[in-house]
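Colleague: I should be grateful for a close look at a single part of this model. Please treat the packing of one pair of helices, together with the salt bridges around them.

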Amino acid sequence: MAYCCGKEAGRKEASLSFRRAELIYDAGNYSFVEADIMPEGDECRRHQVSDIGQAGNVDRVTRVLNMAHAECVEMLYPYTKEEIPDGQEALGDVLEEPEVYEIRLSLPEGFSLTTLRMLEHLLHEYLVCRVLADWMSITNPESEGKWERKFATLRNKIKSSLVSRTGKVRRKLKPF
């Protein structure tokens, strides 16, 4: 994760970066544990659950990571809005494997660094859980719901952290 900060009239620019290799590593660790706690006897299925980062399988993981990154950018919409430049080329459906997933934010002047750090951790976990929910839907459907609930909970935490930190509260001196 990296913070790059700049200033724009009443706003601060920040950037959250997530390394693809670290996200896949974390997803691989979780899937290994999922396979390890599965009942013995179905070794082929256990093997499939734990092979999330293997060649061939990683293409599916990359597509889901790309989609989850786009979801994160959209979740943070008030702070990530980008204008469509004139002459924008058509978007294509070509598999891209970025080394780093970056989210550029334009934050209000008083936005807290602690909230930004919390967002970093929540977004990292969201990306990993999003990948695992998809992978488990293919290899271990009994476990899929657990990962879906986890990333849905993370999504709610991300959204609520942004709502509660949008500005300063001013209280009137008189109650009425």
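Modeller: What follows describes one helix pair and then the salt bridges that involve these helices.

The structure is a predicted model, and the account below should be read accordingly. Two packed helices are described by the angle between their axes and the distance between the axes. For helix α2, residues 43-50, and helix α5, residues 113-139, the axes come within 9 Å of each other and cross at roughly 160°. An angle over 145 degrees counts as roughly antiparallel, and α2 and α5 are therefore roughly antiparallel to each other. The handedness of the α2 and α5 crossing is right-handed.

The contact itself can be stated residue by residue. On the α2 side, R45, Q48 and V49 take part, and they meet W135, M136 and T139 of α5. By character, the residues of this contact comprise three nonpolar, two polar and one charged.

The salt bridges come next. The structure holds seven of them, and three are described here individually. Within α2, E43 pairs with R46, with 3.4 Å between the closest N and O atoms. These two residues are three apart in helix α2, so about one helical turn separates E43 from R46. The partners differ in exposure: E43 is partly exposed at a relative accessible area of 46%, whereas R46 counts as buried at 13% relative accessibility.

Helix α5 contributes to the other two pairs. D134 and R60 form a salt bridge through their side chains, at 2.8 Å from N to O. Because D134 belongs to helix α5 and R60 to helix α3 (residues 57-75), this pair ties together parts that are 74 residues apart in sequence. Of the two, D134 is buried, its relative accessible area being 15%, while R60 counts as partly exposed at 36% relative accessibility.

In the remaining pair, the side chains of E125 and K150 meet at 3.8 Å, N to O. E125 lies in helix α5 and K150 in helix α6 (residues 141-163), and the pair thus links distant parts of the chain, 25 residues apart. K150 counts as partly exposed, with 32% relative accessibility. Finally, salt bridges with shared partners join D36, E43 and R46 into one network.

Taken together, α2 meets α5 in a roughly antiparallel arrangement, α5 is tied to α3 through D134 and R60, and α5 is linked to α6 through E125 and K150.

Definitions and conventions:
Residues numbered from 1 in each chain as written. Predicted model: local features only at pLDDT ≥ 70, side-chain atom pairs only at ≥ 80, totals over all residues. Heavy atoms only, no water. Axes fitted to C-alpha atoms, helices over the stretch in contact; angles between N-to-C directions. Helix = DSSP H or I, 4+ residues; strand = E, 2+ residues; numbered from the N terminus. Parallel < 35°, antiparallel > 145°, perpendicular 65-115°, else oblique. Left-handed = near helix turned anticlockwise from the far one by under 90°. Contact = heavy atoms within 4.5 Å. Nonpolar A, V, L, I, M, F, W, Y, C, P; charged D, E, K, R; others polar. Salt bridge = Lys/Arg side-chain N within 4 Å of Asp/Glu carboxyl O. Buried < 20%, exposed > 50% of the residue type's maximum accessible area, 1.4 Å probe, protein only.
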